[in-house]
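Here's a quick briefing to read with the structure open beside you. Have a look at the fold first, then work through the notes by topic.

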Amino acid sequence: MTIEQIKCDLSKHIGKEAMIHCSLGRNKYENYHVTIKELYDNVFLVELLKKENRIKSFSYADVITKTIKIDFRQNTLKDLQL
């Protein structure tokens with residue numbers, strides 16, 4: 001998977017909700033319920049839904065190296081993974 005493919009996939013989900021599973025190393029994880037906000041050349045921004053006005057950024061390299069996993073939720077329980 002390339003950065004361009006990831007950008008293309010994420011651009012289809014701007015403004016939609018997603019779950020991000022982030023590996024912090026040493027068996028530590030954080031999960032975020034987010035809305036995809038903006039895409040830039042090297043990073044993309046998400047807004048946390050549980051904490052108002054909190055923005056986090058992730059790099060496309062995080063997706064490539066599987067440091068983060070993004071699950072896009074539809075109206076059904078079917079998950080699409082990047």
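The notes below go from the overall layout to the strands, the helix, the core and the salt bridges.

This is a predicted model, with a mean pLDDT of 88 for the protein. It has two helices and six strands, and from the N terminus on the order is α-β-β-β-β-α-β-β. Of the 82 residues, 27% count as buried.

**How far to trust it**

- A pLDDT of 70 or more is reached by 89% of the residues.
- The stretch to be wary of is residues 75-80, where pLDDT stays under 50. The model has seven contacts beyond four places in sequence for that stretch.
- Where pLDDT is low, the predicted coordinates shouldn't be read in detail.
- As for how far contacts reach along the chain, take those between residues at least 6 apart in sequence: 35% of them join residues at least 24 apart.

**Strands and hairpins**

- Start with β1 (residues 17-25) and β2 (residues 28-39), an antiparallel pair with eight bridges. G25 sits opposite K28 of β2.
- Two residues separate β1 from β2 in their hairpin. In that turn, R26 has a positive phi of about 50°.
- Next along, β2 pairs with β3 (residues 43-48), again antiparallel, through five bridges. Three residues lie between β2 and β3 in this hairpin.
- Then β3 pairs with β4 (residues 55-59), antiparallel and with five bridges. Their hairpin has six residues between the strands, and N53 in the turn has a positive phi of about 60°.
- Which residue of β4 stands opposite E47? That's I55. E47 is also the bridge partner of T35, so you can follow the pairing from β2 through β3 to β4 at this residue.

**A close look at T35**

- T35 belongs to β2.
- Is T35 buried or exposed? It counts as buried because its relative accessibility is 12%, and the cut-off for buried is under 20%.
- Beyond its neighbours within four places in sequence, T35 touches G15, K16 and E17, along with L45, V46, E47 and L49.

**Helix α1 and K7**

- The buried residues of α1 are I6, K7 and L10. Seen down the helix axis they fall within an arc of 100°, so they line one face of α1.
- What do those buried residues pack against? The answer is β2, β3, α2 and β5.
- K7, in α1, is a lysine that counts as buried, with a relative accessible area of 18%.
- Setting aside neighbours within four places in sequence, K7 is in contact with L39, Y40, D41 and Y60.
- K7 and V43 are 36 residues apart in sequence, and their C-alpha atoms are 9.4 Å apart in space.

**The nonpolar core**

- The largest nonpolar core has 17 residues. Those with the most contacts inside it are L10, I20, F44, F58, I68 and I70.
- Which elements give two or more residues to this core? They are α1 (3-11), β1, β2, β3, α2 (60-64) and β5 (68-73).
- L10 links two of these topics: it is one of the buried residues of α1 and one of the core residues with the most contacts.

**Salt bridges**

- How many salt bridges does a search of the whole structure find? It finds two.
- One of them joins the side chains of K7 and E4, at 4.0 Å from N to O. Both residues lie in α1, three residues apart, about one turn of the helix.
- An α-helix has 3.6 residues a turn, so residues three or four places apart point the same way.
- The two partners differ in burial: K7 is buried at 18%, whereas E4 counts as exposed at 54% relative accessibility.
- E47 and K37 also meet through their side chains in a salt bridge, at 3.3 Å from N to O. E47 is in β3 and K37 is in β2, so the pair ties together parts that are 10 residues apart in sequence.
- K37 counts as partly exposed, at 36% relative accessibility.

Terms used. Residues numbered from 1 in each chain as written. Predicted model: local features only at pLDDT ≥ 70, side-chain atom pairs only at ≥ 80, totals over all residues. Heavy atoms only, no water. Helix = DSSP H or I, 4+ residues; strand = E, 2+ residues; numbered from the N terminus. Core = buried A, V, L, I, M, F, W, Y, C linked by side-chain atoms within 4.5 Å. Buried < 20%, exposed > 50% of the residue type's maximum accessible area, 1.4 Å probe, protein only. pLDDT = per-residue confidence, 0-100. Contact = heavy atoms within 4.5 Å. Arc of directions from axis to C-beta.
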